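Please report on the strands, helices and selected residues of this model. Keep it brief and stay with what the coordinates give.

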Amino acid sequence: MNSPISTQVIVTAAQMQAIENLIFQSGMPVAALMEKVALKITQRIAQLYPTHRFPKVGMLVGSGHNGGDALVVARELHHQGRQVKICSMMPKAKPLTRVHTCHAKAIGIPFVSLTELQDCDLLIDGIFGFGLERDVAGDLANSFNLINSWQIPILAIDLPSGLNCDRGDVMGTAIRATHTLCLGLWKRGLLIEQALPYIGILERVDFDTPEQFIIEVLGDRHPLWRVDPQTCLRQYLPIPRPISVHKYNLGHLLLVVGSQRYAGAAILAALGAKASGVGMLSIAVPSSLKLLVLAQVPDALVIGCPETDSGAIDSLAGLDLQKYQAIVCGCGLSLDANSVVKQTIDSDIPLVLDADGLNAISPVADPNFIRKLQSRTNPLIFTPHGGEFSRLFPDLMTSDRLDALISAVELCHATILLKGARTMISFLQDEKPRLWVNPESTPALARGGSGDVLAGMIGGLLAQGLSSSDSAIVAAVWHSQAAISLANQRSIMGVDPISLAHHLLPFLITVAS
Ligand SMILES: NC(=O)C1=CN([C@@H]2O[C@H](COP(=O)(O)OP(=O)(O)OC[C@H]3O[C@@H](n4cnc5c(N)ncnc54)[C@H](O)[C@@H]3O)[C@@H](O)[C@H]2O)[C@H](O)CC1
Ligand SMILES: [K+]
């Protein structure tokens, strides 16, 4: 994923502070950086919240440099003609915050009690940034709850006050922002699902963090990265095709999918795979589903397999798995096809395991089986949602999502795509774990069948020669961006999986233009 490092790296508060210290030690004054950051915040406020619609702005100011940022913003907004009021939320302040307080008073900005901010059109949250040390409690917690009850738009500087910068959890209570301007580098806690209800729309305000300082603190094998969706799609899609290429050189993908109970999943995975542009698509289904699937995907080679009494695939007898460039196994398979799943793992062909393909191997606990997974020479991709992940790795879900995912990857050496409001993809790179967060999605995707489309897309990209990590990341970004685009056209209720699959390619044209 080729973008400047500062646009993609995810850091903890301690790492951000260490990078900031290098900036200061090299000669940049703290006050100068605060001015630079605050001016950029002010410019963004002017774009997002124009004066004619948001004339009265209330500043919530804490004791640290987050409060200092807010005071510089207050000064600038005042000079630009807004009606600014400031509420100092804490009695003491750091020296730099104190001098900005004095200046703001001297130029006539009123300092008021909290309740006097209730008539504002916009609130700026500069109470805590990455310096939050303990739970928000007592009167301060009551103030946070009061602010949240007002229904006034709130723009949070760096992060919503009360959110843990690293874990994204609420420390006591937190401000529910409508917009968050993350300063400098992406903070870990802002990319964690439980923080989402507090963050609103998330943006990063760049202040030209020097790359050498980032690398000095993070090293060159930093694990946590945020995908830039537009860059990712432009870099990888559409997959270029030589002018005289043959369909057999564009990958042959096998889907091992479907059961009488879950027939639709086979079709949805096939539609996702088709959109990937894969050269040849074969679909192994229980024989009773063959005509149904063929009618929906006439361009695929549909293979009717022997089936169990319950209508699941009984065996892949007669299929030479070695002739495929990739296999997707699991969508709608049911739990009666477990032996088939084992067969696909034993084949050592690049493999995507989804849904019942994952349930068939849950929990991953037997040391011999783990060794078998580790010793595969070809890519193995797991695509669990949270529930499937917990069943796969019951001992790991106790820690936070990012840590749990990295531990799972270290355990079984697979590429794992953990689905959710912030889908994360982790894998080993040069034997070290790496994790990418897909930062944009839509709740429109919380719908049966979305995951089947995704699994097919990943398989199609894998069969065409993308690495396992690139296949998973590119498919996740494409899937979610197409869903966002479709939701904009048809509302959040209109993103059913068939429509989504049909929208994948038209959406791609809009990205390229
Ligand atoms: N490189 C950058 O990202 C820049 C960051 N800036 C801004 O500075 C803040 C971080 O500032 P800092 O002073 O370290 O911390 P805070 O402003 O978050 O506040 C800490 C302050 O609050 C006290 N405190 C902590 N927890 C509690 C609590 N639960 N209850 C009461 N009081 C608490 C603590 O003792 C401190 O006094 C960063 O987020 C940016 O907004 C720079 O301005 C520009 C560069
Ligand atoms: K804040």
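The report below takes the sheet first, then further strands, one helix and some single residues.

The model is predicted.

**The ten-stranded sheet**

An open sheet of 10 strands runs in the order β9-β18-β17-β16-β15-β14-β13-β10-β11-β12. Its pairing is mixed. Strands β9 (224–226) and β12 (301–305) stand at the edges. Each has a single partner strand, so one side of each lacks a neighbour in the sheet. From one strand to the next, the twist averages 20 degrees. Strands of a sheet pair through backbone hydrogen bonds, either parallel or antiparallel.

At one edge, β9 and β18 (residues 432–437) run parallel and are joined by 3 bridges. Arg226 has Val437 of β18 as its bridge partner. Helix α16 (residues 401–412) lies across β9, β15 (380–382), β16 (415–418), β17 (424–429) and β18. The helix runs at about 40 degrees to β17.

Further along the order sits β10 (residues 252–256). How many of its residues are buried? The count is 5 of 5, so β10 is largely enclosed by the rest of the structure. In a regular strand the side chains alternate between the two faces of the sheet. Both faces of β10 are covered. His252, Leu254 and Val256 are buried on one side, Leu253 and Leu255 on the other. Strand β10 pairs with β11 (residues 280–286) in the parallel sense, over 5 bridges. Here His252 stands opposite Met280 of β11.

**Strand β4 and its partners**

Strand β4 is mostly covered, with 5 of its 5 residues buried. Leu122, Ile124 and Gly126 point one way, while Leu123 and Asp125 point the other way. β4 has parallel pairings with β2 (residues 56–61) and with β5 (residues 154–157). Gly58 has Leu123 of β4 as its bridge partner. Ile124 has Leu155 of β5 in that role.

The parallel pairings described so far are set out here.

| Strand pair | Bridges | One bridge partner pair |
|---|---|---|
| β9 and β18 | 3 bridges | Arg226 and Val437 |
| β10 and β11 | 5 bridges | His252 and Met280 |
| β2 and β4 | 5 bridges | Gly58 and Leu123 |
| β4 and β5 | 3 bridges | Ile124 and Leu155 |

**Helix α5**

Helix α5 (residues 95–106) has 12 residues. At 1.5 Å a residue, the helix should span 16 Å. Its end C-alpha atoms are 17 Å apart, which agrees.

Which residues of α5 are buried? They are Leu96, Thr97, His100, Thr101 and Ala104. These cover an arc of only 140 degrees around the axis, which puts them on the same side of α5. An α-helix has 3.6 residues a turn, so residues three or four places apart point the same way. The cover over the buried residues of α5 includes α3 (30–48), α4 (65–79) and β3 (83–88). The face turned away from that buried side carries the exposed residues Pro95, Cys102, Lys105 and Ala106. Gly108 follows α5, and its phi is positive, near 95 degrees.

**Single residues in α3 and β3**

Two elements that help cover α5 are α3 and β3. Leu33 lies in helix α3. Is Leu33 buried or exposed? With a relative accessibility of 4%, Leu33 counts as buried. Beyond its sequence neighbours up to four places away, Leu33 touches Glu20, Phe24, Met28 and Phe207. From Leu33 to Gly456 the C-alpha distance is 47 Å, with their positions 423 residues apart in sequence.

Lys85 lies in strand β3. Its relative accessibility is 17%, under the 20% limit, so Lys85 counts as buried. With residues up to four places away left out, the contacts of Lys85 include Val57, Gly58, Met59 and Pro110. Val112, Glu116, Leu117, Asp119 and Cys120 are also touched by Lys85. Gly58 is also the residue bridged to Leu123 in β4.

**An aromatic pair**

The whole structure holds 4 aromatic pairs. One of them joins Phe128 and Phe144. Their ring centres are 6.4 Å apart, and the planes meet at 50 degrees. The pair is tilted. Phe128 sits in the loop between β4 (122–126) and α6 (138–149), and Phe144 is in helix α6. The two are 16 residues apart, and the pair links distant parts of the chain. Both Phe128 and Phe144 are buried.

Methods:
Residues are numbered from 1 along each chain as its sequence is written. Chains are lettered from A and ligands numbered from 1 in the order in which they are written. This is a predicted model: local features need pLDDT of at least 70, side-chain atom pairs count only at pLDDT 80 or more; totals for chains, interfaces and linings use all residues. Side-chain values use heavy atoms; hydrogens and water are left out. Two strands pair if DSSP finds at least two bridges between them. Helices (H or I, at least four residues) and strands (E, at least two) are DSSP runs, numbered from the N terminus. Axes are lines fitted to C-alpha atoms, for helices over the stretch in contact, and angles run from 0 to 180 degrees between N-to-C directions. Contact means heavy atoms within 4.5 Å. The expected span of a helix is 1.5 Å times one less than its number of residues. Buried means under 20% relative accessible area, exposed over 50%, partly exposed in between (1.4 Å probe, protein chains only). The arc is that of the directions from the helix axis to the C-beta atoms. Rings of Phe, Tyr and Trp (its six-membered ring) pair if their centres lie within 6.5 Å; planes under 30 degrees apart count as stacked, over 60 as edge-to-face and the rest as tilted.
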